[in-house]
Each structure stands twice: as C-alpha cells, then as structure tokens.
Amino acid sequence: MFKKETQKKTTKLKQDDVERRLNELTAELAAGSSSPSLVSSNNPDFALNPNAKTGDIFGKQVSISSSFNAWAFWLITILSLILSQTPGISWLFTPINQFTTMIHELGHAFVCILTGGHVTGLTIVGDGAGHGGLTYYAGGLQFFTAQAGYLGTAVFGCLLIYLAQFPRFSKLLLGAIGIAIGLCSLTLVGMNIFVTGFQGFFSLLWGGAMAFALCWLAKKLDSRSANLVVLFLAIQTALNSLSAVFLLVQVYLGVLQTNAWSDASVMETITHIPAFFWGLIWFLMSCAMLGFTLWHTYGKRLFRRGTGALVVEK
C-alpha cells in the first residue's frame with residue numbers, strides 16, 4: 001500500500017514537472033512571436049509601454065521601437081540644424097516658422113486671458129515692420145503677458161519633446177494640436193479680423209491650413225510615422241525658442257540692426273530695466289528648460305549603463 005502511494009506521488013511530481021516545462025516552453029515561444037512580451041515593471045522605462053516588443057542583444061534587453069525613437073530624435077535635430085542654415089533650402093521651413101509664431105502669439109493670448117484680460121486681435125504673418133506676428137490685448141497682468149511669448153514657446157517645445165517619447169499617443173497628440181490651432185484661429189484671429197486687416201486674413205488662412213494638415217496627418221499616419229512628425233515639431237519649436245530669443249539678444253548688443261520694438265521693449269517700459277536684460281534672462285531660462293528636458297528624456301540614454309528594457313510602442 002505504501003509503495004503504491006509512493007509511486008502515485010512520484011508520477012504526480014513528474015506530471016507537474018512536465019506541465020511546468022511545457023508552460024515555460026510556451027512562454028518562450030510566445031515571447032519570440034509577434035505577440036506582446038512582458039517586461040519587468042521594475043525597469044524605469046516600463047511605464048512608457050508595457051506592450052512593446054523587446055529583444056536580447058549582448059545580454060541586454062533593448063526595445064527596437066525605443067531605439068528608433070531616440071535615434072530619430074537626434075538625427076532630426078542634426079538635420080534641422082544643418083538644413084535650416086542651408087541657402088536655397090531654408091524656405092522649406094516656412095510652415096514651421098508659422099507654427100512656432102502661432103505658439104508664440106498664443107502664449108501671449110492665453111496668459112492675458114488667464115490673468116483677466118482679453119485679446120482684441122492676433123496675427124502670425126509679418127507686418128512689414130519687423131514683427132513676425134502680433135497679439136493685441138487689453139487688461140490682464142502685462143508683466144506676465146509680455147514674457148509669455150518667448151518663454152511659452154520654450155515650455156511648449158519642452159512639453160512636445162517629453163510627449164514625443166510615447167509613440168502610442170502621437171496620433172492623438174497631432175489631432176489635439178490641430179483642433180486647438182483651428183479653434184484659436186477662428187476665435188482669436190477670425191473674430192478680430194476687422195481689427196487686424198490683411199495680416200489677420202492671411203493669419204486665418206495659415207491657421208486653418210495648419211489645423212487641417214495636423215488633423216489629416218493624425219488620421220492618415222500610423223503611430224510610428226505620426227511620432228516622427230511630433231518629434232519634428234518638438235525639435236523645431238525648441239530650436240526656434242532658442243534662436244528667436246538669441247536674435248533678440250543680438251539686437252540689443254548691437255550685432256543686428258532693427259527698429260522694431262519687441263517683448264523685451266515692453267518689459268523695459270514696464271520695469272525700467274534694460275531690454276537686453278530681459279532678452280538675456282529669457283535666453284538663459286530657455287536653455288535651462290531645454291537642457292533639463294533633454295537630460296531627463298533622451299540625454300540619459302546616451303550615458304546609460306547596465307541592463308534594462310527600453311520600451312516604447314512599435
């Protein structure tokens with residue numbers, strides 16, 4: 001009797017061992033297939049996308065999608081710096097300049113409204129006097145409203161860089177930006193077109209075109225392609241936030257000549273502190289924000305050590 005019970009227990013243990021091995025083999029096969037694989041939540045990048053595919057390269061788990069996202073970021077950055085300064089090609093960046101100008105002017109508009117004022121007109125095309133765009137407003141706290149153009153562009157650029165890490169949300173993000181630009185174009189530009197004249201009319205056309213293009217891209221592109229567009233917009237906005245305020249600093253250093261008044265001129269009128277000071281402060285703040293964002297997004301990956309899975313949606 002005892003011998004039979006021992007044999008039954010041994011048989012049961014063998015069956016359990018076979019089942020365990022079959023389960024392990026099934027899990028390994030599933031990990032190698034096109035189905036999503038599980039990644040340890042102890043990894044700091046796990047939160048980016050728990051459904052991403054990973055592979056083992058030289059003993060390290062690496063997400064092909066995350067590597068693609070990071071390499072695309074730095075490649076687009078380098079190409080943008082080169083092409084934007086190349087004669088005969090820089091004109092291709094005109095739509096991007098209109099986009100960043102819209103962000104700049106909306107920065108003024110939003111802070112004005114949030115501080116109790118109201119916008120009486122907004123343009124994003126040149127007025128022939130050296131201004132790429134203008135925001136007409138009344139009321140609110142002018143001290144903050146005047147600074148919200150350059151600093152607001154820097155904040156938006158940094159936010160886009162952060163959100164560009166999540167490809168699964170890129171289509172939604174493009175659509176949201178497109179809808180926001182469309183609504184702002186209708187309310188802040190279109191409703192005040194009689195105040196701003198031809199500049200307002202062409203600003204409305206540009207705003208409508210940008211809104212349509214972004215919504216169309218959000219609908220037609222797949223997640224990876226949409227992510228490239230978000231990366232491109234993020235990089236262009238961030239670079240523009242630095243270059244624009246750096247030009248402002250050059251103007252007040254006497255390197256560049258212009259008679260156009262600027263946001264720094266407005267701050268000088270309000271505070272009696274030289275416009276150069278405000279331009280320099282904005283430049284340093286923009287550099288600090290961008291540096292902080294880059295380090296905590298794509299910068300750390302350049303110096304990462306040890307194992308870990310970088311996971312972002314394919």
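The largest share of the lining of the largest pocket, 9 residues, is supplied by helix α8. This pocket belongs to a predicted model, and the space inside the pocket amounts to about 1,300 Å³. Its lining is made up of 43 residues, and those nearest the pocket centre are His-104, Gly-132, Tyr-150, Asn-240 and Ala-244. Two or more lining residues come from each of α2 (64–83), α3 (94–114), β4 (134–138), α4 (142–145), α5 (148–163), α8 and α9 (263–271).

**The chain as a whole**

The chain holds 10 helices and 4 strands, and their order from the N terminus is α-β-β-α-α-β-β-α-α-α-α-α-α-α. Of its 314 residues, 39% count as buried, while the accessible surface comes to about 17,900 Å², with 69% of that surface belonging to carbon and sulfur atoms. When contacts between residues at least 6 apart in sequence are considered, 73% of them join residues that are at least 24 apart.

**Two helices that line the pocket**

How far apart are the end C-alpha atoms of α8, given that its 31 residues should span 45 Å at 1.5 Å a residue? The end C-alpha atoms of α8, which covers residues 223–253, are 45 Å apart, and this agrees with the expected span. At the start of α8, the backbone nitrogen of Arg-224 has a side-chain oxygen of Asp-222 within 3.1 Å. For α3, the 21 residues should span 30 Å at 1.5 Å a residue, and the separation of the end C-alpha atoms, 30 Å, agrees with that value. Just after α3 comes Gly-116, whose phi is positive at about 100°.

**Buried residues in α7, β3 and α10**

The following table gathers four residues with their elements and relative accessibilities.

| Residue | Element | Relative accessibility |
|---|---|---|
| Gly-121 | strand β3 (residues 118–123) | 0% |
| Gly-200 | helix α7 (residues 193–220) | 0% |
| Ser-203 | helix α7 | 0% |
| Thr-297 | helix α10 (residues 275–302) | 6% |

Gly-200 counts as buried because its relative accessibility is 0%, and, with residues up to four places away in sequence left out, Gly-200 touches Thr-123, Val-189 and Ile-193. The C-alpha atoms of Gly-200 and Leu-188 are 9.7 Å apart, with the two residues 12 apart in sequence.

Ser-203, also found in helix α7, is likewise buried, because its relative accessibility is 0%. Which backbone atom lies 2.8 Å from a polar atom of the side chain of Ser-203? The atom in question is the backbone nitrogen of Ile-124. Ile-124 is also among the residues that Ser-203 touches beyond four places in sequence, together with Leu-122, Thr-123, Val-125 and Val-189. Thr-123 and Val-189 are thus named as contacts of Gly-200 and as contacts of Ser-203.

Gly-121 sits in strand β3 and is buried, because its relative accessible area is 0%. Gly-121 and Leu-134, 13 residues apart in sequence, have their C-alpha atoms 8.0 Å apart. Apart from neighbours within four places in sequence, Gly-121 is in contact with Leu-134, Thr-135, Tyr-136, Leu-188, Asn-192 and Thr-196. Leu-188 therefore appears both as a contact of Gly-121, where contact means heavy atoms within 4.5 Å, and as the residue whose C-alpha lies 9.7 Å from that of Gly-200.

Thr-297 has its place in helix α10 and counts as buried at 6% relative accessibility. A polar atom of the Thr-297 side chain lies 2.6 Å from the backbone oxygen of Thr-293. An α-helix has 3.6 residues a turn, so residues three or four places apart point the same way. Beyond its neighbours up to four places away in sequence, Thr-297 touches Ile-161, Tyr-162 and Gln-165.

**An exposed loop residue**

Is His-272, in contrast to the residues of the table, buried or exposed? His-272 counts as exposed, because its relative accessibility is 71%, and this residue lies in the loop between α9 and α10. Although it is not a glycine, His-272 has a positive phi of about 65°. Most residues other than glycine have a negative phi.

Conventions
Residues are numbered from 1 along each chain as its sequence is written. This is a predicted model: local features need pLDDT of at least 70, side-chain atom pairs count only at pLDDT 80 or more; totals for chains, interfaces and linings use all residues. Side-chain values use heavy atoms; hydrogens and water are left out. Buried means under 20% relative accessible area, exposed over 50%, partly exposed in between (1.4 Å probe, protein chains only). Accessible areas come from the Shrake-Rupley method with a 1.4 Å probe; for residues, only the protein chains shown count as cover. The expected span of a helix is 1.5 Å times one less than its number of residues. A polar contact is a pair of N or O atoms within 3.5 Å; within protein, one must be able to donate a hydrogen and the other to accept it, and residues adjacent in sequence count only if both atoms are side-chain atoms. On a 1 Å grid over the protein atoms alone, a cavity is a set of points where a 1.4 Å probe fits but cannot get out, and a pocket is an open set with protein on both sides within 12 Å along at least five of seven lines; lining residues have an atom within 4 Å of a point. Grid points are joined across faces, edges and corners, and a volume is the space filled by probe spheres set on the points.
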